[in-house]
Amino acid sequence: MKRIIFALVTFLMVLGANAQDPFYPKKEGVKLGYTLTDKKGKVSGYSESTVVSVKNSGTQTAVTVQSMAKDKNGKDLLQKPIDLTVMIEDGAVIMSPKALAGKVVESLEVTGEDLKLPANLTTGTTLNDYSITMGIAGINTTSHITGVKAVAEETLEVSGHSIPCVVVESTTSVKVLGIKRSSLQKTWYGRGIGIVKMETYDAKGKLESAQALTSIEGL
């Protein structure tokens, strides 16, 4: 009986720990490969992200990922990989637009609110709306992200791994040169992974582009 109780308690503890895993990789050496496709499902490019540093300080964890973009033929589009750092605090993943976008184009000025993905994210959870303003050569463009909500939970199979995901939908509205544009994003976030799949649709609900995790190493 004692063994059964001990096994049950241990099982529940493991479940509880897994339930609080952040929606981002926290293990050095993990390498994630993504395939990008256009509206017709044709490959338009690839990207690779490798966790190169995980630093813990109290309730905060700084995860640095090195990323490289490739064209549809697998040729590098950048001279060197980009280092991106994401903060995790009390299990919540904090994505800063300024920290992320600023690394891509040094002359690009980015301001806006952070996107926070809580560890207890589940179907029905509504997240805060936020805006991102990007400026270059004196021209500013602001994107408004609204209706951010977890709408479903789904398990995806990737490279021999079963990844439980939470599907988050949001609407992005932007005005460029006087022209307004709106699109819908659906993003599958997996615990211990981050983005597993992402789809973008136009205002008429037609698929514009997609990104999917296709390889995992070192998990």
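The following exchange explains how several terms apply to this predicted model.

Author: Residues are numbered from 1 along each chain as its sequence is written, and side-chain values use heavy atoms, without hydrogens or water. Because the model is predicted, local features need pLDDT of at least 70 and side-chain atom pairs count only at pLDDT 80 or more, while totals for chains, interfaces and linings use all residues.

Reader: Why is the pair of Lys31 and Glu48 called a salt bridge?

Author: A salt bridge requires a side-chain nitrogen of Lys or Arg within 4 Å of a carboxyl oxygen of Asp or Glu. For Lys31 and Glu48 the N to O value is 3.8 Å, so the pair meets the definition.

Reader: What does the pair of Lys31 and Glu48 tie together?

Author: Lys31 belongs to strand β1 (residues 31-38) and Glu48 to strand β2 (residues 43-57), so the pair ties together parts that are 17 residues apart in sequence. Strands here are DSSP runs of E with at least two residues, numbered from the N terminus.

Reader: How many salt bridges does the structure hold?

Author: The structure holds three. Among them is the pair of Glu208 and Arg181, at 2.7 Å from N to O. Glu208 lies in strand β13 (residues 207-217) and Arg181 in strand β11 (residues 179-190), so this pair ties together parts that are 27 residues apart in sequence. Asp76 and Lys70 also form a salt bridge, their closest N and O atoms being 2.6 Å apart.

Reader: Why is Lys70 called buried, and what makes Asp76 partly exposed?

Author: Buried means under 20% relative accessible area, exposed means over 50%, and partly exposed lies in between (1.4 Å probe, protein chains only). Lys70 has 17%, so Lys70 counts as buried. Asp76 has 39%, so Asp76 is partly exposed.

Reader: What makes Lys197 a charge over the ring of Trp188?

Author: The definition asks that NZ of Lys or CZ of Arg be within 6 Å of the ring centre and within 35 degrees of the ring normal. Lys197 lies over the face of Trp188, at 4.2 Å from the ring centre, so the distance satisfies the 6 Å limit.

Reader: How do you know that Ser67 and Ser49 make a polar contact?

Author: A polar contact is a pair of N or O atoms within 3.5 Å; within protein, one must be able to donate a hydrogen and the other to accept it, and residues adjacent in sequence count only if both atoms are side-chain atoms. The side chains of Ser67 and Ser49 make such a contact at 3.1 Å, so the value falls within the cut-off. Ser67 lies in strand β3 (residues 60-71) and is buried, at 16% relative accessible area.

Conventions: Helices (H or I, at least four residues) and strands (E, at least two) are DSSP runs, numbered from the N terminus.
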